[in-house]
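Got the structure open? Take a slow look around it before reading on, and keep it in view as you go.

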Amino acid sequence: MNRIQIKIIGSFLIIILLMGSSSCKKSLDETLDITPHDRLTDASVWTDAGTADVFLNDIYGQLPDGNNWYDPFDNWSDNSICGFGWPLSRTDAQQVNYTPSTLAFWTGLPFDWGTNYNNIRKTNLFIAKVTASTLTDEYKKKRLAEVKFLRAYFYHLLWMSYGGVPIITEPLSVATQGDSIFHARNTFDETFNFIQTDLAAIASDLPVTGDPGRATKGAALALKGWCELFAHKYADAATTNKQIIDELGNGQTYNLFSDYGTLFMPENNANNEGIFYRQYVPRVKGGRNEGYNASTFTKGGAETSWGGVNPTQELVDDYEMDNGLPISDPASGYDPQKPYVHRETRFYESIVYDGSFWYNDTIYTRQGIGSANEIDLSDHNDATQTGYYIRKRCNDKITLGSDNWDGASGGQNYYYFRYAEVLLNYAEAQNETVGPDLSVYDAIDKVRARVQLPALTPGLSQDAMRTAIRRERRVELAFEDKRWWDLIRWNIAHINLNQQLHGISITVGSGGTLIYAPVTVPGGDRKFNASKNYLFPIPQSALDQNKKLTQNPGY
Amino acid sequence: MKKCIAASYVCNVHSLKHLPGIGFKKFIFLLVILFLGVIVSAQNKLHVTGVVTNDNGTPLADCSVTVKGNAAGTKTDSKGMFSMDVPDSKSVLVISYVGYQTLEIPVGKTTSFAIKLTSGNASLADVVVVGYGTQKRTSITAAVATINGDEIASQPVADLSNSLGGRATGIIFTQGSGEPGYDGSNILIRGISTTGNAQPLVIVDGIPRNFSQLDPNSIASISILKDAAAVAPYGMGGANGVILITTKKGKTGAPTLTYNAYVGWQNPTRLTKFVNAYQFATLFNAADDNEGAPHAYSDYALQKYKDHSAPDLYPDHNVLKELITPNTIITNHNLEFSGGAERIKYYAGIGFLSQNGMWGPTKYKRYNLTANIEADATKTTKVNVSLNGRVEDRRFPGVSSGSIFYQAFRTPPNAPLTFSNGLPGSYIGRSAYGNIFGSGYTQTVGYTLLNQISIEQQLPFVKGLSVKALVSYDFNPFNPTDPGNPFAPITTFNRTWLTPILYYNYDSATNSYPQSGNDGPAKPQYSESYYQSQAFTYQAYLNYHNNFGKSEVTGLIVLEARNTKSSVFGAGRVNYSVNVPELNNGSSNSTDISNYGYSAESKQKSAVYRVTYGYAGKYLVEASGRYDGNYYFAPNHRFGFFPAFAAGWRLSEEGFIKNKFPWITNLKIRGSYGESGALAGSPFQYLSSYTLYGNASVLNGTTTQGLYENSEANTNITWERAKKTDVGIESNFWNGLLTVEADYFYEKRTDMLFPPTVTVPLEYGVALAQVNSGAMSNRGFELSVGSTRHFSKDLTVSLKTNFTFARNKLLQVFETDATFKNPNRRKTGRPLGTQFGYKAIGYFTQDDFNPDGTLKAGIPTQAFSTTLHPGDIKYADVSSPGGGKPDGMITPDDIVPIGHPATPEIIYGIIPSVAYKGFDLSLLFQGASSRDFYMSVFAFDNSSSAIIDALDYWTPTHPNAVYPRITTQPTPNNTQTSSWWIRNGAYFRLKTGELGYTLPITVIRSIKIQSARFYLSGQNLLTWSKIKNFDPEISSSTGQYYPQQKVISIGLNVTF
């Protein structure tokens, strides 16, 4: 019996030892070691080109997702109005009542301060880690150029939005850098120079043609040329855009796609007009543009789209007649009571208007016939505010409605830069630098010729050419989220956005004739304060967390 | 059903074979040791028997009979008989029974006893379940509240967490939803003491487990461990309080079979009322008037809405009411079988619960099985085996209830919810009706099996010493997607079948109803997922209990190791061409196929101790604690020590009280101080790491994987530390005529985890791991007062009340200067969750404006909307930047505290009960206050409908309205977070009421059963609150959630 008792006590002590109260603390710690399987470490990420590429894939994914915006950026401009009242363009932008505390770009548009700096850190981390890695020089050269392009892209979004911003080129670390993690703002010019210099340096490291969706030489030059234009460095802009045209354009790598209307459809994703763009795979990583932004009601009264983009009468009036004359020209043949006949093809390819066909239905925005799409002057549903919907960039060959807005079934590219813009950028820069020389005509006429418009009348003054280029640009690039920045850099935002925008009231008169009358519309009452709104306010949280930052004037 | 249990059990056995090497060896080793123990037989043992009766000589069944100094013992059978072994003739028998005074009888040479108990105080004799053991109520020095299993068994609620509220002090709770299967309460012990995870630890039969879906009938008792002394044995898990659940065990006596059942009818406590079509259209036209826009609705339309003469063109629906079915059924059946012979006791229970939702597709079914065997393998060896299994089967529409309510709140009354022929219509491409009835389904089935075996061996060579080993293997004790949440439903297998939701339109020209589109996917989609978790827990106990003269000493050491593993696997396909939901039947196109999966594990090792010393039952001291290690943190930061001390003084045992004030039955003061910990954040924050994910970007036409940097590592991260102080008094006067128990508590939580985000610029670009940096205090008091009076043998009246107040304060948090330097906005020094906003001071009036519509000089500008109008909300200008004088502008500097946190600071319960002859009536009134709720339910917000309250809007002739002037979309000025929308969330409700009738013994005998009781019971029967159009426990500021339910049920309880 005693032996058994001893055994029991002894055994209990052994259990105690076994279960962890051993004298060696380190070994006790080790018994709790677990290597998590759901994450990777530095050691595994930066030693393998394939894994480092996966990090880069994430950065590409952060680029603006323009086919998934329910309130696209043109709604901030004079091109369109959102058909429903709650998004940013209606609550904040329309009357510019945003403040440093309230401007909520993170709800959709790609201009958010913090989000862009998150992306810039990703690029800086990639650059630092890959540079220090033992990966091949060939890999480093190719991928570092891509990542520097992406960094420049994120910086240019910040720079256009806020002016000069802190230029940070390495991953910040509070542990090793201490207080030097706080950066003051660089100037507008310094930020521009940084973007321009980086892009110039890496352009030749990038491939002329790369995997669709990735940065190429053309992308770097297009971004550079655009930033130069934005900075009013017209000579630089002319040179850079000319370089694209000469080295890559005219069918070498890029050319205008034959058909403007279907350029933006998924079947033509593989065109040679796109220079830098985001790709989509329906349902897996697809777009919702049609469900968000196209014509609201279709056959049977079903609401197949939220009607997020309603083109304004101001934009519609900028489409020329098919004879190439603006409607304001008495010779154009424009009849305000037959406004939709003999307009240029881009009008029919970009705008859904009263009586045009969309998806499975003829869309009637006229009043008094009980149409669900009747112009919504009382702002009570998602039907058009203006009497128009967009057609451009919207695909009506897919199932619209919830399948698109829940299922992201869109598959067409979203273009950041395409060759037509390079031609227009060149025309503008060259016109500003040396005036309307032949190369200016050549560039803009190419864009017009593609849509069967006659060449511009020779002998235009610089001013007249400027007006023509600006109208051409507005129409050609409508709904590609470019218009706001054009209004800003042309310094006309306080004019064009300080007015009441219009829609079209269509009523049925005696004998069934339609009567067209421009009307002021809900959401069309625009404000813009020239003393401050040319730049967005830096978020209050950024100022609160970094005492070195200064706010933009007026906020 | 049976098959399911069998299947999971097979799986369990299978898994046991694959226990990790060390664990399994340890397990075998323990078994060997304990087997050795089993063959030890005791010497000197005496066998005693007896019968226990009350004053009247009626045998008392179920009395506890123990040997003093040893918690283990036996219970009397239905004839009041007991029989047990005692160590020797010096042993003292302790006989206790609820409602009677405890008796201590030395054994001596007697082996057969006739014992008479006199009725006395209920709680004095109780044995209370505490961490890793039990203690006598009289000698306990910690703050522990208990709830008896009987109190909750007959309540018509599915989720056990809903049965605790109002029944004991220290439980702060909110039931945020009434959706079957997801209607559990959020339970906090003594409120919130941390910005991190504030949920208490839940222990079921000694092991951390999910408890909310146990069979209420299988619960023996619930202990709420509140102060440091009570939670110290749980170390890093204890700081938020601990809920201990003990399930039923067998009782010695003839086998009894008990059948419990109820059926109840459920309705929402309050169903939000909306405007009708005419009101909606009129309201909208009024908004158009305010905006100078043409009327959206013509007089003709208004007339049609009013007279309902064209229901398909001018509908008038009461959307929410038409979607729900009233009086849905909840039913519960339970069969218990228990009994015991001399050396073996057994308990088995099976339960079935079925709860229907407010609409057909929503159903919850639960099957519970509990089995427990306690056997004396030898005279000194006890073996306990218990199995506790359940199946939780939830079915819902394909669309979540959140989306259903969103859509129901959105759909205006004049939209075609359904047409006159029953076909569903649509609003903004959505079908509120189809979301419920045509969307497919979601089914989640949870399989859980909790197994444990323990062997306890008395060690005869040291008096009062015993060892015990416990091994538990749990299959699905927690949900892998929310492993730290003991209330998260178990969802082992999920399937979701989403179909196109067809909707129709009315074509008045042809008087036909063509299908006009569909909500949901264009083609059906199907997905499945499997969640699995397992936990292995090993405990080795060394227990000591002995008396030396007037001294009583107990000691406890427990070594515990716990490992868990979990995995998740899911797959899905879209674009189904056939209507048969099987994975294989979906599209084979690679972009239509998806799958995912991941796994995780955890490890914990601990040593627990508790030593108590009592002198003459008067002076009580206790020391307890835990040395606890957890895998969460980096090596060298894994182990911590969490000690606590407590002392108590039973004044009622002192001569100067006992002799002079005999009416003081019990008077004890006690106090405790100690430290415990909390795992507030997520594991592995000490590692620099990257996370992989799918569908990052599309490059070269295909989707790619992505990889992103996780937050910057903090290698020093460790647990939160809680220092708890508690002072309490327990008293009992005139043998239970008045009982008062009061506690004051104070806790300081330090090392609270915060990401130090504001210490780096926003340009930093990556989140920082949490650091142990914050501090918070939490203090309050608890009071329970009770009284029981037996007026005659037929009439007993009792009243129990409890009151809990807990208020926390942030002592140190990361704040930006914008809030920290403004005394109005500073979070530090205020309770967590204090609501901030502008102070609304009424509406602008015509007098505030110049003729041109601009604000008059001197009125602070408020630039949320560009133009202001009479009837817009006016805010108070209180400060300039940095907290100074008013500066004539309403800016964020003018933000002030506008309300209490949404979690109530005060919770109380009032429980009167009366028993008269065969009738018993028991009510539970429960209330909460010091709670504010922010309501932002605006008419036409994002094209939504309008609740009935929205009709009370500002006009020049109705200036004292609840809502500002009406607009087609609420204006930014009027939707600013402000005091205007704060509602007092206090409420008082009759939470439970039960009226029972027990058949008289004469009737019972004639039908040959032991007892039978019928009862009428109810839940959330009456509610009083300032919030009128919603249940006051509303959990969504938009009101869009599945509301709490009122239940009325009838039940039956028969023992054969």
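Here is a quick tour, from one whole chain down to strands and then across to the contact between chains. Keep in mind that this is a predicted model. Chain A comes to 22 helices and twelve strands, and chain A and chain B bury about 8,300 Å² between them.

**Chain A as a whole**

- If you follow the C-alpha trace of chain A along its principal axes, it spans about 120 × 55 × 45 Å.
- Chain A has 555 residues, and 63% of them count as buried.
- Now take the contacts in chain A between residues at least 6 apart in sequence: 70% of these join residues at least 24 apart.

**Helix 7 of chain A**

- This helix covers residues 137-162, and with 26 residues at 1.5 Å a residue it should span 38 Å. Its end C-alpha atoms turn out to be 36 Å apart, which agrees.
- Is helix 7 of chain A mostly covered or mostly uncovered? It's mostly covered, with 21 of its 26 residues buried.
- Just after helix 7 of chain A comes A:Gly163, and its phi is positive, near 85°.

**A buried strand in chain A**

- Strand 2 of chain A takes in residues 274-278, and five of the five are buried, so this strand is largely enclosed by the rest of the structure.
- Its partner here is strand 10 of chain A (residues 414-418): the two run antiparallel and are joined by four bridges.
- To spot the pairing on screen, look for A:Arg278, which stands opposite A:Tyr414 in strand 10 of chain A.

**A three-stranded sheet in chain B**

- A bit of background first: strands of a sheet pair through backbone hydrogen bonds, either parallel or antiparallel.
- In chain B, three strands make an open sheet with the order 4-1-7, and the pairing is mixed.
- Why do the edge strands have a free side? Strand 4 (81-86) and strand 7 (112-116) of chain B each have a single partner strand, so one side of each is left without a neighbour in the sheet.
- On average, neighbouring strands of this sheet are turned by 25° against each other, if you ignore direction.
- Strand 1 of chain B (residues 46-53) runs antiparallel to strand 4 of chain B, and six bridges join them. In that pair, B:Thr49 stands opposite B:Ser83.

**A four-stranded sheet in chain B**

- Another open sheet in chain B has four strands in the order 3-2-5-6, with antiparallel pairing.
- The edges here are strand 3 (73-75) and strand 6 (103-106) of chain B; each has a single partner strand, so one side of each has no neighbour in the sheet.
- Neighbouring strands of this sheet are turned by 20° against each other on average, direction ignored.
- Strand 2 (residues 64-67) and strand 5 (residues 92-96) of chain B run antiparallel and share four bridges. B:Val65 has B:Ile95 of strand 5 as its bridge partner.

**Where chains A and B meet**

- How many residues does each chain bring to the contact? Chain B brings 104 residues and chain A brings 92 residues.
- Of the area buried between the two chains, 62% lies on carbon and sulfur atoms.
- Three residues to find are B:Tyr690, B:Leu762 and B:Glu763: they supply 10% of the area that chain B buries against chain A, more than any other three residues.
- There are five salt bridges across this interface.
- B:Glu709 forms a salt bridge with A:Arg121, and their closest N and O atoms are 2.9 Å apart.

Technical notes: Residues numbered from 1 in each chain as written. Chains lettered and ligands numbered in written order. Predicted model: local features only at pLDDT ≥ 70, side-chain atom pairs only at ≥ 80, totals over all residues. Heavy atoms only, no water. Pairing = 2+ DSSP bridges. Axes fitted to C-alpha atoms, helices over the stretch in contact; angles between N-to-C directions. Expected span 1.5 Å × (residues − 1). Buried < 20%, exposed > 50% of the residue type's maximum accessible area, 1.4 Å probe, protein only. Contact = heavy atoms within 4.5 Å. Buried area = accessible area lost by both parts, 1.4 Å probe. Salt bridge = Lys/Arg side-chain N within 4 Å of Asp/Glu carboxyl O.
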